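Q: Could you walk me through this one? I'd like to start with how the chains meet and then go on to the fold.
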2 protein chains.
Amino acid sequence: MAKKPLILITNDDGITAKGIRTLIEVMRTIGDIIVVAPDKPQSAMGHAITINDTLYCDPFVFDPEATHQEYSCSGTPADCVKLANQQILDRKPDICVSGINHGSNSSINVIYSGTMSAAVEAGVEGIPAIGFSLLDYSADANFEACKPFVKSITEKVLESGLPKGVVLNVNIPKLPFEEIKGTKICRQAKAMWVEDFDKRTNPYGRDYYWLSGEFINEDKGEDTDEWALAHGYVSIVPTQFDLTAHHAIQELNSWDL
Amino acid sequence: MAKKPLILITNDDGITAKGIRTLIEVMRTIGDIIVVAPDKPQSAMGHAITINDTLYCDPFVFDPEATHQEYSCSGTPADCVKLANQQILDRKPDICVSGINHGSNSSINVIYSGTMSAAVEAGVEGIPAIGFSLLDYSADANFEACKPFVKSITEKVLESGLPKGVVLNVNIPKLPFEEIKGTKICRQAKAMWVEDFDKRTNPYGRDYYWLSGEFINEDKGEDTDEWALAHGYVSIVPTQFDLTAHHAIQELNSWDL
């Protein structure tokens, strides 16, 4: 590529998270970067956008030596992508990368994911986009093994593009690099969370709940992201935002309403 | 149906909104109802869930004469469905209905929609589900024309069920009943919002933004929800939460990573 690609970087764990810092480090080796990310953690925000409140978006300095620009935004990951494209950038980025998320966004987690909502928002706006996640929720997770995969997948998307209406959901197992077997193109496993709310009483006598739950995967397909991750592969799921269940249209057309 | 169906009702405009009050009125003619809805507006919340904060969920009385139970919840629409199923109901509801939303959830709006996130959450949990929206954003919108459609579509789903992994996204045009031409099974139009942030300065000199924008539909297909709504039909889009772009898997498999 003669000209350096312009790379928009965001996430949902907040602009200071270790995961986005790793992503920035890798992307600086690929192109010109700009960071527009939430000023606080926005995990599990789904595709929320801010319509009834003000949005702040201010220049942010993490590393005084850095030569790229960063902006810290009061909104959601989807807000960050919208603001970046409409207010901050003077041309369309060549790619948008989101993450690296601290924790899995495989299977049904994709619908709750702030990381993926940023990628989807970019995709809606016609920008090739990838969400990266590591299967480690801890704040000081070790992202070293992610780096070569993040780099090669991003370079491949810059080189080949993505099918129209498709973004990538990439999940990386929590393993040392030498134990990761490679990448697999997968479908989203049909799994779900079975909730188990933790009910407590506050000091003033009012009941409240903490959402918790168990992840149940009854989809044993070897073409799923869950299978790939459990067997030491990086999973890559092509993800779309046309939610139409096209296969159901014919059946519903037989309805007499 | 010999036994009355159990109907879970929620929304994203909040438990006192006119839209959910209309939905309750219609559902009471069909089955036994339970209402678990947000205590405040949660529009554009996407599929957000509450994982880093406490959730309150308290009995709520809107009409002292009513014989059904209602609960007001501090969380998102998806939280309401999770709480209802795991903490409030002692059996799985026969259907979950969400809305009636004050404003459109057609086309790409589905990914931002709290109304639809509740329906999707129910779908993930194996409950037939429908999100209803009226193309009128005003708080005192007139929902009269919606009633016969809401009733007949709900009864049809109770009678016939839905294909596995599919929920319905129903949008109703802002027209008097006699001008609505009927219902159409549709696909989601490929449209988007082009943002146009309104940049202002607060009294303390700090810039902030309001998200606004223009809805652009360049998809002229006569099988889309936008076409149906523009031509006086109620649009019904079968909507899925397997986001895999299955058609893209073959192409991506040719990648050398």
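Q: Through what do the copies meet?
A: This is a predicted model, and in it the copies meet through the same surface, because 100% of the interface residues of chain A are also interface residues in chain B.

Q: And what rotation superposes chain A on chain B?
A: Chain A falls on chain B after a rotation of 180° with 0.0 Å of shift along the axis, at an RMSD of 0.0 Å. The two copies are therefore related as by a two-fold rotation axis.

Q: Which residue of chain A comes closest to the rotation axis?
A: That is A:Gly46, whose C-alpha lies at 2.6 Å from the axis.

Q: Switching to the fold, what order do the strands of the sheet in chain B take?
A: The open sheet of chain B has 9 strands in the order S3-S4-S2-S1-S5-S6-S7-S13-S8, with mixed pairing. S3 and S8 (182-185) of chain B are at the edges with a single partner strand each, so one side of each has no neighbour in the sheet.

Q: What about S4(B), is it largely enclosed or not, and why?
A: Strand S4 (residues 69-73) of chain B is largely enclosed by the rest of the structure, because 4 of its 5 residues are buried.

Q: Which strands pair with S4(B), parallel or antiparallel?
A: S2 (residues 32-38) of chain B pairs with S4(B) in the parallel sense over 5 bridges, and there B:Val35 has B:Glu70 as its bridge partner. S3 (residues 57-59) of chain B runs antiparallel to S4(B) and is joined to it by 3 bridges, with B:Asp58 opposite B:Ser72 and B:Pro59 opposite B:Tyr71.

Notes:
Residues are numbered from 1 along each chain as its sequence is written. Chains are lettered from A and ligands numbered from 1 in the order in which they are written. This is a predicted model: local features need pLDDT of at least 70, side-chain atom pairs count only at pLDDT 80 or more; totals for chains, interfaces and linings use all residues. Side-chain values use heavy atoms; hydrogens and water are left out. Buried means under 20% relative accessible area, exposed over 50%, partly exposed in between (1.4 Å probe, protein chains only). Helices (H or I, at least four residues) and strands (E, at least two) are DSSP runs, numbered from the N terminus. Two strands pair if DSSP finds at least two bridges between them. Copies are superposed by least squares on the C-alpha atoms of residues with pLDDT of at least 70 in both. Contact means heavy atoms within 4.5 Å.
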